[in-house]
Every structure is written in structure tokens, then in C-alpha cells.
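Reader: I am new to this structure and would like a close look at a single part of it, followed by an account of what surrounds that part. Please take your time and connect the pieces for me.

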Amino acid sequence: MLMLLLLLLPLIGGIALFLLKGISSSLAKNITLGVSLLTFLGGLLVYRQYQATPSLEIKYGWIPSLAINFHLGLDGISLLLVLLTTFLVPLIVLSTFRQTYANASVFYALILLTEVALIGVFTAKDIFLFYFFFEAALVPVYFLAAVWGGKNAASVTFKMFVYTIFGSLFLLVAIIYLYMQGQTANIQELAVTAKALPTTTQGLLFWAFLVAFAIKMPILPFHSWQPAAYSESPTPATMLLSGLLSKMGVYGLIRILLPLAPLGVSTYATFTMAFSIAGLIYGSVLAIQQNNIKRLIAYSSFAHVGLMAAGILTGNLSGLQGALIQMIAHAVNAVGLFFIVKIIYDRTGTRDLAALGGITQKTPALSIYFMVILLGSVALPLTNGFVGEFLLLKGIYDYNAWLGAIAGLTIILGAVYMLRLMQRSMFGESNEVTAKFEDVKGSEVAVLLPITLIVLAMGIFPNFFLQLTEPAAQTILDLIK
Amino acid sequence: MYPIIALSITGLVTLFLGFIPTKKHLLPATLLFILVAFAVNFLDWNKPGFYFYEMLEVNNMGLLFSAIILLTGALVMALSGGFLDDEHAQPAEYYALVQFSLAGAIMMATYSNLLMLFIGIEILSVALYVLTGSDKRNIRGNEAAIKYFLMGSFATGILLFGIAMFFGASNSFDIYDMAAYINQTNDAPIYLWIGITFMLIGLLFKVSAAPFHFWTPDVYEGAPTIFTTFMSTVVKTAGFAAIYKILDVAFSQVYTFWWVMVVGMTVLSLFIGNITAVYQQSFKRMLAYSSISHAGYLLMAVVGFSKQSDASIAFYSIAYTLATISAFGVLMAVSKDNLVNGRPDERISVLNGLAKKDGFLAFVLAVSMLSLAGIPLTAGFWGKFFVFSDVAHKGYIWLMLVAILMSAVGIYYYFKPIIAAYMKESDGNTIQVRPIYKLILGLTTIGTILFGILPNIVRGIL
């Protein structure tokens with residue numbers, strides 16, 4: 001029941017904001033923050049409930065004649081991602097507190113509706129419900145990005161929309177096919193059906209699933225929509241896209257691709273991993289060459305999800321666990337980094353690395369937050385990125401030593417582009433653009449501080465997260481054995 | 001059966017009401033009449049049976065289709081605003097013709113004898129030929145009416161020819177007798193097959209399935225928008241109800257014969273409708289081609305031919321109808337005050353900056369386009385889902401793939417109006433929206449979302 005509340009709270013909040021069109025921007029912000037904080041609280045309560053009874057489920061008939069149910073459930077993986085979503089949305093809302101958007105209530109309503117869809121995706125147990133939320137999540141984000149975005153937003157976000165919907169349509173074909181075979185829409189029961197299918201069929205299913213999720217994440221060669229979309233969108237939409245929506249793709253790999261096309265995975269995993277690792281290298285190299293800091297982070301996101309995809313496709317526990325930890329770490333870090341980019345842009349009016357420099361001297365606090373989050377992204381030990389990347393690289397190495405060795409380059413390349421970013425923007429002599437840079441305060445600290453703490457907490461106590469996801473990860477691996 | 005009688009009477013009454021000098025009462029009266037027909041429609045609910053010497057058959061499915069047709073008629077007519085702005089209009093005649101055509105549409109949904117089907121089609125079509133050309137001073141309207149009339153009567157001729165052929169083979173016009181005949185005969189005469197083919201061609205012309213679609217864009221564009229809306233929704237629902245009924249009752253034994261034809265037309269409709277729609281500048285023409293593509297999706301439900309296909313067709317018709325009324329309603333509200341050469345501007349660019357001028361209309365437009373494109377949260381998604389799973393159930397995965405590719409193309413053009421409304425700069429003109437528009441468009445939008453979230457409503461009713 002509490003789980004349903006997690007969906008209903010932001011849904012009601014979102015609809016209410018839609019209807020309260022005329023209210024002032026600050027009121028809309030506060031309502032949204034309140035609702036999203038309540039939802040986070042709900043998430044924590046669900047976590048407590050989960051500790052008592054580890055199998056939470058609710059199920060209502062949705063289209064009874066077709067055996068399609070409104071079926072939600074939580075295991076460790078879902079719970080972790082729900083907590084992540086409910087944790088990040090208030091921060092994303094807070095990150096907009098110093099800015100006024102036109103039609104603010106609609107803007108915030110769309111953020112809350114995105115949250116509903118995300119929580120739906122992460123908890124759906126019925127494959128059609130999953131698909132429903134998976135596609136529905138795109139609609140509010142599309143409008144956020146397109147209407148409030150930069151001057152090229154219309155064409156860029158349109159490309160994103162068409163691209164991702166196109167991928168999702170393959171997903172739809174695959175799930176309708178599976179559903180016809182199994183006469184059930186329950187993902188777990190479908191796994192049994194899928195296992196019995198011949199190898200060629202599973203191979204086709206594999207590609208259909210992969211295309212959908214690969215576009216969403218995105219991994220090479222389906223990434224062409226991503227850098228432009230991330231940099232043209234308003235920052236809250238970018239945060240949602242890189243922090244949470246890309247995780248739907250990763251989650252889909254874990255929840256749908258692995259159990260529903262196991263033989264496809266074992267046949268094509270190496271090939272696909274080669275692609276995603278190539279994307280990782282490619283994204284890193286492009287990130288090194290970027291002078292636009294928002295684009296730089298966008299490419300680094302592209303590189304990071306490539307590594308996660310490779311880890312999941314290994315089908316071993318450390319790869320999977322690593323991907324799960326890295327999903328959380330990357331989401332938190334991406335939100336933090338995009339926020340810092342926004343802070344820099346708001347104060348200097350530029351995102352060009354060449355024009356920046358010397359910010360550190362004026363801003364001790366921002367520098368510390370930036371450094372910690374950046375080190376998390378670089379995967380320094382004792383930060384969140386380290387745990388995830390270590391497990392991922394171990395998993396990939398166990399699967400194929402060569403791929404593992406190439407993927408290991410990510411540590412070096414990541415350090416290069418991130419430290420270059422830090423050095424060019426923050427260090428050095430200040431110039432007229434950065435001379436009057438104010439340090440962060442108020443709502444900005446309220447965003448950066450929790451993120452920084454999570455970066456460190458996950459790095460120092462990774463066991464909490466690993467234990468939470470291990471049984472669920474093991475269940476999925478057992479399904480495909 | 002009752003709504004046919006009711007509408008025939010009220011249609012005549014409406015003609016006489018036209019003698020009263022003030023025209024204000026005509027619209028409320030018409031709406032009342034249609035709603036009365038809607039109410040009496042349900043007198044037969046759960047009482048399946050035959051009427052008029054077994055020429056009409058009522059069952060819940062037929063009544064559901066009748067209900068959809070009547071509600072569509074009421075919603076569309078409410079948008080007409082009584083034709084009070086136009087001094088040359090003849091509202092009494094228009095409304096009477098609309099009621100007659102609704103009666104014809106209901107015959108098409110509930111017939112059990114091919115003569116009844118033929119009469120229904122004729123009543124519907126003749127009324128529509130007139131309504132298409134009702135704006136006498138518009139040369140495009142006249143062209144459209146003549147085109148529609150010539151091609152329509154030709155198609156009716158083909159249908160009649162098919163019926164005659166079939167009568168020659170089976171000695172009956174009754175679709176149940178035809179089914180019995182097909183069941184018994186082992187070597188059917190060639191003219192039976194010709195009959196089936198010609199009947200299908202005649203019917204598919206009415207729903208503008210390719211390759212019988214050539215009239216659609218010109219007629220949709222030339223007709224006054226209010227009647228385009230009426231035509232694109234009511235005719236499609238009634239036409240598919242009729243097609244499904246004859247295939248289900250009479251020709252289900254010879255599925256292997258007609259499915260090849262239907263599959264061919266499905267694929268053609270999907271390709272021609274979607275791909276041509278991409279190139280349209282006019283919103284009305286774009287919706288005309290989109291209507292061809294939706295005929296293709298609806299035909300998929302026919303190809304998927306199972307016990308659930310009628311529910312799929314009903315659901316799809318509802319989804320398509322709601323979205324189409326929204327889309328044309330927004331177009332009418334916006335283009336009314338934007339004249340180009342004295343005619344309402346119906347290009348997609350007229351929607352530019354709509355979100356800033358009137359957020360409500362922009363929202364209605366966005367929801368309707370998303371629904372036509374088949375994005376989740378809207379009824380259109382489930383409509384597509386049901387027909388896709390129907391064909392998948394039959395094992396035509398390739399057809400589903402084609403349809404899915406074409407849906408991706410669809411997203412491209414359905415987003416043009418959305419982008420125009422939300423991301424283009426406006427010309428600064430303000431729009432006056434009548435309260436009745438807000439009400440009707442609000443209803444269709446809520447309906448679209450409601451059916452998008454609770455898709456079981458239709459199946460639950462049956």
C-alpha cells in the first residue's frame with residue numbers, strides 16, 4: 001500500500017500543479033519540494049517495511065481479459081533505484097531555487113510526473129506496465145527539455161524523442177511476442193517461458209531488447225541524440241535525463257534483457273560488450289576534447305553507461321553488482337556535476353573552458369564540493385565511483401581479460417577529462433569573467449552537501465548497498481543459469 | 001433499432017424547426033435529439049435479437065458501435081456552434097442531414113441483411129455528399145463534393161455489384177444464410193469470390209483504405225472542417241463495424257481467401273498514409289492522410305480476426321474518434337480568426353505559438369497528437385496495442401513490424417503540430433474560444449487520458 005503512495009503522491013502533486021496554473025513561481029517550487037520530500041520520506045518508510053518483509057507486492061487487475069495486471073513489487077534492486085529517484089528529485093527541484101522559469105507550475109508538474117513514471121518503471125512486475133511507464137517517462141521530460149530548453153531545443157529534443165520511441169517500439173514487438181508465447185505478462189513467469197525458446201528466437205529478442213535499452217542509456221552506436229540533448233535541455237531536465245532516465249535503460253538490461261533472452265545474451269554478449277566498451281573509450285576521448293563543460297559531462301555520462309552495460313552483459317555477480325552500485329553513483333555524481341555546471345554558467349554566462357579559470361580563489365566551499373564529486377566520478381578509492389568501477393572491471397576481466405584490460409582505460413581517461421575540467425575551470429588565474437564569482441550558499445549548499453555526503457558514504461560503506469542488492473541480483477543470475 | 005426510428009423522426013422534425021425565424025434553438029434541439037437516440041439505443045441492451053423481418057440484428061457489440069457513433073455525432077455537432085456566424089448557412093438542413101446520416105451509420109453497425117447494409121451506406125453517403133459541399137461559395141468545397149459523389153457512387157456501384165454476385169451464388173441477402181451457404185458448398189462458383197472481393201472493395205472505399213483512398217485528402221480538405229470531423233470519425237467507425245460484421249458472420253470460413261487482400265490493403269494504407277502525411281503543410285490534409293493510416297491500423301484488427309477483434313476495433317475507434325475531434329476542434333478554434341484569402345488558414349503554421357496564446361488548446365492538441373501517434377498514457381497507445389497483439393496472436397509478426405515502423409514515421413509528423421504549438425513564435429493574435437469548445441475539447445481530452453489509463457473499460461462493458 002505504501003508503495004502505491006510513492007506513485008500517488010507525486011502524481012497528485014503533479015496534477016494539482018497542472019491545474020493551479022496561475023500560482024507564483026516560488027509557491028510552485030515549495031509545493032514541489034514538499035511533495036518530493038514527502039515522497040522521499042515514503043521511500044524511506046518503504047525501505048523500513050522492506051526490512052521487515054522483503055517481498056512487497058501489490059496487484060490489481062488492469063486488463064483482466066488479457067491477464068495484464070497493475071502489478072508492482074520491490075526487491076533490493078528496485079528498492080535501491082526507488083530510493084535513488086526519490087532522493088534525487090528533491091535535489092533537482094532544489095537546484096532550481098535560484099531561477100525562475102516561465103509557467104513555473106507546469107514546469108514543476110512535469111518534474112513530478114517524470115518521477116511517477118520512473119518509480120513505476122523501477123517497481124513494475126508486469127511487463128506491459130513496465131513498458132507503459134518506460135515510454136510515459138519520456139513525455140514529460142520531452143516537454144521539459146523542448147519548451148524550456150535552449151534555442152536548438154526543438155530539433156534536438158525531437159530527435160531524442162523519435163530515436164527513443166523508435167527503440168521502444170522494438171521492445172514492444174518483443175514483449176508482445178513473448179506474451180503470446182507465455183500467455184502471461186508477469187516478468188518472472190515470462191523468464192521461464194523465454195528460457196525454453198530456441199536460440200535463434202532468443203537472439204532476435206536479445207536484439208529487440210538491446211536496441212530499446214541501448215538507445216535510452218545510450219551506448220555506441222545509438223548515442224548520437226545524447227550530447228546535444230543533454231546540453232540543449234534546461235539543467236533540471238538534463239539531470240533527469242542523465243541521472244535517472246538513462247538508468248531506466250540500464251535497469252531494463254538487468255530486469256528484462258538478462259532474464260528474458262538468456263541464450264541471446266550468452267551468444268551476443270561479447271560482441272555487444274565490445275561495442276559498449278568502444279563507446280566508453282570514444283566518449284572519453286570526445287570528453288577530453290570538449291571545451292563546453294556541459295557537453296563534457298554529457299560525454300562522460302555516455303562513457304560511464306557504456307561500462308555499466310558491459311558489466312551487466314558479463315552475467316556474473318560482480319559485473320551486475322558493480323553496475324548497480326555504479327548506477328547509483330553515476331546518477332548522484334551526474335546530478336552534482338550538472339548542477340555545478342549550472343552554477344558556473346549562471347554566474348559567468350559561459351560554459352566555455354577557455355573563458356573560465358581561477359574560480360577556486362573566491363569559492364572555497366564550491367571547490368571542495370566540486371572536487372569530491374569529481375573524484376567520485378574519477379573513481380578514487382573511498383568515493384562512490386571506486387566501488388562500482390572496481391566491481392565492474394573485475395566482472396569484465398573475469399569474463400574476458402582483453403575486454404577488461406581495454407575497459408580499464410576508463411580510469412585513466414576519466415581522470416584526464418575530469419581533472420582537465422577542474423584545472424581549466426577552477427584553478428589558474430582568475431579573469432574578468434570569473435573575478436566576481438560568489439561562493440555557493442543557501443539552496444545550492446542544500447543540493448551539493450547531500451550529494452557530497454553520499455559520494456563519501458557510498459565510498460566508505462559500500463556494504464550497505466551491496467547487501468541490499470545482492471539477493472535480487474543473485475535471483476536474476478539464477479534465472480539465467 | 002430504436003435510434004434509427006428516433007433519428008428518422010427527429011430529422012424530419014428538425015427540418016420543420018427550420019421554419020422558425022431564429023436559428024438559435026436548432027443546435028440544442030439537435031443535441032437533445034441525438035442524446036435521446038443515444039438513450040433509446042440502450043433499450044435493447046442485453047436483449048440480442050432481430051428486427052424488421054431479420055434485416056437488423058441487435059447485440060451488445062452493435063449497440064456499442066451505435067453508441068460510439070451517436071456520441072461522436074453529439075460531440076461533433078456541439079462544436080458546430082449552430083452555424084450562427086455564417087449568414088449563408090442552412091443549419092436546419094445540415095442538422096437534419098446529420099441525423100439521417102447517423103441513422104444510416106447505425107444501420108451499418110447493426111445490419112444482418114445486405115440490403116440493409118446497402119441502404120445504410122447510401123443514407124450515410126448521400127447526406128455526406130451534400131454536407132461536403134454545404135459551403136456553396138467555396139470552390140474547393142464544390143470540387144470536393146463532386147469528387148466524393150462521383151467516386152463514392154462508383155464505389156457503391158461496385159458494392160452493389162458484389163452483393164448481386166453473391167446473391168447469384170447463395171440465393172440470399174441474409175448474412176447468416178450466406179454463412180450457411182459457404183459452409184455447405186464444396187466447389188463454390190467463381191462469382192462467389194468476385195462477390196466477396198467487390199463487396200470488400202466497396203466497403204473499404206468508405207473507410208478510405210489504400211488503394212481506394214484517393215478521394216480522402218481532397219474531400220477532407222475541401223469540406224467545411226466541422227463536416228470533415230464528422231466524416232472522418234462517424235464513417236470510419238460505422239464502416240469498420242460493417243466490414244467486421246460481414247467478415248465475422250458470413251466470411252469467417254473463407255478467411256484464407258480474403259486475408260491476402262486485406263493484408264495487402266493494410267500494408268498499403270500504412271505506407272501511403274504515414275509516408276505521405278509527412279510531406280503535408282496543411283493540417284487538414286495531414287489528418288486526412290493520418291486517417292488513411294488509421295484505416296490501416298484498424299484493418300490490422302480485421303487481419304487479426306479473433307473473438308476479441310471487435311472489441312479491438314471498438315476501442316480503436318473510440319481512441320481515434322476522441323483524438324480526431326480534439327485535433328479538428330483545435331484547428332477550428334484557431335483558424336476561425338486567421339483568414340488567408342478570405343478562407344480559414346488551415347496550415348500547420350497557424351498553430352505556431354499556440355501554447356502562449358491559449359495553453360488549454362495547446363494541451364488538447366498535444367494530447368490528441370500523442371494519442372494519434374500511440375504514445376502511452378493516451379487511448380491511442382492501447383488502441384494500437386490491442387490491434388498489434390491481435391495480429392501477433394495470428395502469427396503475423398512481420399505485419400506488426402511493418403506497423404511499428406510506420407508508427408515511428410507517424411511520430412514524426414504528429415509532432416509537427418506539437419512543435420509548432422509549443423516551440424514556435426506566435427504572430428500575436430489572440431484567440432477567442434467559445435465555452436462550448438472548452439467543454440467538448442475538455443471532454444475528449446479527459447476521455448483520451450482516461451481510456452489511456454484504464455483501457456479495460458470497453459472490454460469491461462461487453
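Where in chain A does A:Pro221 lie, and between which two helices?

Author: A:Pro221 lies in a loop of chain A, between helix H9 (199-216) and helix H10 (226-232); helices (DSSP runs of H or I, at least four residues) and strands (DSSP runs of E, at least two) are numbered from the N terminus. The model is a predicted one, in which local features need pLDDT of at least 70 and side-chain atom pairs count only at pLDDT 80 or more, while totals for chains, interfaces and linings use all residues, and side-chain values use heavy atoms, with hydrogens and water left out. Residues are numbered from 1 along each chain as its sequence is written, and chains are lettered from A and ligands numbered from 1 in the order in which they are written.

The backbone of this loop of chain A has a cis peptide bond, which joins A:Leu220 and A:Pro221 with omega at about 0°. Chain B offers a counterpart, for the bond from B:Ala210 to B:Pro211 is cis with omega near 0°, and B:Pro211 is placed in the loop between helix H8 (190-206) and helix H9 (215-222) of chain B.

Two other loops deserve a look for their phi angles. In chain A, the loop between helix H15 (364-378) and helix H16 (384-399) holds A:Ala379, a residue other than glycine whose phi is positive, near 70°. With a relative accessible area of 8%, A:Ala379 is buried, where buried means under 20% relative accessible area, exposed means over 50% and partly exposed lies in between (1.4 Å probe, protein chains only). In chain B, B:Tyr53 also has a positive phi, near 55°, without being a glycine, and its loop runs between strand E1 (49-51) and strand E2 (56-58). B:Tyr53 is exposed, since its relative accessible area is 81%.

Around the first loop stands the whole of chain A, with 20 helices and two strands. Its radius of gyration, taken over C-alpha atoms, is 21 Å, close to the 23 Å that the globule rule (2.2 Å times the number of residues to the power 0.38) gives for 481 residues, so chain A is as compact as a globular protein of that length. The C-alpha trace of chain A spans about 65 × 55 × 45 Å along its principal axes, and 66% of the 481 residues count as buried. Where residues at least 6 apart in sequence are in contact (heavy atoms within 4.5 Å), 83% of those contacts in chain A join residues at least 24 apart.

Chain B has 19 helices and four strands. Its radius of gyration is 21 Å, close to the 23 Å of the globule rule for 462 residues, so chain B is as compact as a globular protein of that length. The C-alpha trace of chain B spans about 70 × 55 × 40 Å along its principal axes, buried residues make up 65% of the 462 residues, and pairs 24 or more positions apart account for 79% of the contacts with a separation of 6 or more.

The two chains meet where 31 residues of chain A are in contact with 37 residues of chain B. The area buried between them is about 3000 Å², with 86% given by carbon and sulfur atoms; such buried area is the accessible area (1.4 Å probe) that two parts lose on being put together, summed over both. On the side of chain A, the residues that lose the most area to chain B are A:Phe132, A:Phe158 and A:Val173, together 17% of what that side buries.

Two residues inside chain B complete the picture. Helix H12 (residues 283-303) includes B:Ser290, which is buried with a relative accessible area of 1% and, leaving aside neighbours within four places in sequence, is in contact with B:Ala277, B:Tyr413 and B:Tyr414. B:Phe305 is in the loop between H12 and helix H13 (309-335) and counts as buried at 11% relative accessibility. Beyond four places in sequence, B:Phe305 has contacts that include B:Tyr244, B:Leu247, B:Trp258 and B:Lys394, while the C-alpha atoms of B:Phe305 and B:His393, 88 residues apart along the chain, are separated by 9.4 Å.
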